[in-house]
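The following exercises concern the structure shown below. Each task is followed by a solution in steps.

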Number of protein chains: 2
Amino acid sequence: MILTLTPNPAIDITYRVAAITLGESHRVEHVTERAGGEGINTAAALTSMGIDCLALAPVGDGTLASFVADLDGRGIPHHLVRAPHPTRRSIALVDDAHEATLFNEAGAPVPAEVWAEVIRQVERLGGSRGVLTVSGSLPAQTPTDLVARITHAAHEAGLRVVLDVSGPVLSSSLAFAPELVKPNRSEAAATLMALTPSGAESRSQTGAAELARLLVEAGAKAAVVSDGAAGLALAAGSVALRARLPQALRGNPTGAGDALTAALAASLDDLPGDHLPDDRGAWAEVLRRGVAWSAAAVLQPVAGPIDPGDVARLLPTVEIEETLS
Amino acid sequence: MILTLTPNPAIDITYRVAAITLGESHRVEHVTERAGGEGINTAAALTSMGIDCLALAPVGDGTLASFVADLDGRGIPHHLVRAPHPTRRSIALVDDAHEATLFNEAGAPVPAEVWAEVIRQVERLGGSRGVLTVSGSLPAQTPTDLVARITHAAHEAGLRVVLDVSGPVLSSSLAFAPELVKPNRSEAAATLMALTPSGAESRSQTGAAELARLLVEAGAKAAVVSDGAAGLALAAGSVALRARLPQALRGNPTGAGDALTAALAASLDDLPGDHLPDDRGAWAEVLRRGVAWSAAAVLQPVAGPIDPGDVARLLPTVEIEETLS
């Protein structure tokens, strides 16, 4: 079972108007609203691929009922922990002339007792096998080591851990040996700069394969660094691979990272034994699935679900090569 | 006592960011949120002038607690009628380069039984004397004659009625002889066009004084038509006046109309007897107060409250003249 934790979920609100004019007033006739946040999108991707999962998130009291109704309606299993403050909003303004213009609220602080309950649920729901994913930002004033503590608790409960977090939250977690981390190239560079500030200047030029290797050196058991159209770079033990589509797809990239997290978690959940493999073939299949799911997400109009038909069509097109190091 | 009805209140949300770039993502650190809507602003203006009032509005179940807390915090007396659907949002995006960019949701339909309860509260709270104001838009799918019915019920309960509504909602109410209507010039023109579509072409050129006269001819006991920097035009019985400041003030115009409604309601509440006066002097004082309060609102950073000191300073500067008809 895969548990997807969203520490900072959002009410995703979309306003569609004919044209946006700055400084003017707009009457909005078309409003859509749904439960959002990266871990919820990851659960949506897993659900559409028929994989057993549970979305875990702290949700503000006044938002709980609408989140439950929305997730139930989309068939996404969930366990929401009641929090006292309102859940943040993310507003997408869409008109005919622009890609979505987004306004993401930072998120109100979540009290320590709610985080304690989230950790209890990770321990309880994870069971003795399975994978925990932790995705996205943290609410304002959250202790930086929260994800490190969650990683530790998940390991104690027998779970493998996939982290889609960045900055100090990621760097403080690496010492707890998460099974997989998946920053994009600039997030990976920033994380490594935070660990070794003296190397700050050089990291922005460092390639994805080298960043992945450095993340493993810093503590992660495996690292996948996404690099836009250049695809994914993986480092795990002595394995170093790169995977990509022969050509980039056009579409909506907002859910691609969440679908990649879903694919990586699904692969880790399938891997047998207590230890991650150290052979190229097993990791190549992990990457293949990651590229195909994330490309399938680009073909969707909204972040979250993916089409298994798209995945089946894309899987054999993924190109894998070994990285020379 | 003045009862201010807001049929379509809103949660006024303000996002302040350094710069808005269409098509991009913005992290919002500064969010303010308060109870909004034109009748609520009118109650805020009355409250800041020390005048007894009560804000009446249907408010969605999930929004009630925050509306109550906000209005209590601002010292605005209120009676909120519980409605099943969420209250609409109005989002103001503010950056350094632009006036606020507004996105106003239309508002979810309000069931008939909630309107019936609103009308019961008008009858009960109005008592045998006082003024009812009705301000702003109606939620989606509201019967156009709702305000006409409320006007009738208020009259039965002994209340005078000030309407700050427009379009078919105003035109259908005129037959019920509201004591005062206060559209702006383009709203007045549109309302009169709806009543006599054959005259449609000509109305956009009609002056404010003539529009006020036509609104009285169509059924209102008195009409004040606002005309931007040109001030206010009033028609009431045989009286026809115009009032303005010697020069327009610069500032935030968003609450000016609501403060004008507040001033007009306060004046009507003060007028003795069962009938409106038909003498120039009494109406000149009504207009003088209207111009001063609405100008005081322009000096405020947010819509709602006004400063009695500003009002005292502005009152003697208002210029009144008789309109030749």
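**Exercise 1. The fold of chain A**

In this predicted model, buried residues account for 52% of the 325 residues in chain A. Determine how many helices and strands chain A has, and why chain A may be called as compact as a globular protein of that length.

Solution.

Step 1. Count the secondary structure: chain A contains 11 helices and 15 strands.

Step 2. Compare the radius of gyration with the globule rule. The value for chain A is 19 Å, close to the 20 Å that the rule gives for 325 residues, so chain A is as compact as a globular protein of that length.

Step 3. Establish the extent. Along the principal axes, the C-alpha atoms of chain A fill a box of roughly 55 × 45 × 45 Å.

Step 4. Examine the contacts in chain A between residues at least 6 apart in sequence: 70% of them join residues at least 24 apart.

**Exercise 2. Helix H1 of chain A**

State how many residues of H1(A) are buried, and which residue just after H1(A) takes a positive phi.

Solution.

Step 1. Apply the criterion for burial, namely 20 or more other C-beta atoms within 10 Å of the residue's own. In H1(A), which spans residues 38-48, 11 of the 11 residues satisfy it, and the helix is mostly covered.

Step 2. Inspect individual residues. Those buried in H1(A) include the charged Glu38(A), and also Ile40(A), Asn41(A) and Leu46(A).

Step 3. Proceed past the end of the helix: Gly50(A) has a positive phi of about 75°.

**Exercise 3. The interface between the chains**

Identify which element gives the largest share of the side of chain B that touches chain A, and which strand of chain A pairs with E8(B).

Solution.

Step 1. Count the contact residues: 22 residues of chain B are in contact with 22 residues of chain A.

Step 2. Assign them to elements. On the chain B side, strands E3 (25-28), E7 (88-94) and E8 (101-105) each give two or more residues. The largest share, 5 residues, belongs to E8(B).

Step 3. Classify the chain B side: 10 residues are nonpolar, 7 polar and 5 charged.

Step 4. Follow the strands across the interface. Strand E3 of chain A, residues 25-28, pairs with E8(B) in the parallel sense over 4 bridges. Within E8(B), Leu102(B) stands opposite Ser25(A).

**Exercise 4. The relation between the copies**

Find what rotation superposes chain B on chain A.

Solution.

Step 1. The superposition requires a rotation of 180° with 0.0 Å of shift along its axis, at an RMSD of 0.0 Å. The two copies are therefore related as by a two-fold rotation axis.

Step 2. In chain B, the C-alpha nearest the axis belongs to Gly62(B), at 3.1 Å.

Step 3. Of the contact residues of chain B, 100% recur in chain A; the same surface serves both copies.

Technical notes: Residues are numbered from 1 along each chain as its sequence is written. Chains are lettered from A and ligands numbered from 1 in the order in which they are written. This is a predicted model: local features need pLDDT of at least 70, side-chain atom pairs count only at pLDDT 80 or more; totals for chains, interfaces and linings use all residues. Two residues are in contact if their C-beta atoms, placed from the backbone, lie within 7 Å. Two strands pair if DSSP finds at least two bridges between them. A residue is buried if 20 or more other C-beta atoms lie within 10 Å of its own, exposed if 12 or fewer, and partly exposed in between; C-beta atoms are placed from the backbone. The radius of gyration is taken over C-alpha atoms; the globule rule is 2.2 Å times the number of residues to the power 0.38. Copies are superposed by least squares on the C-alpha atoms of residues with pLDDT of at least 70 in both.
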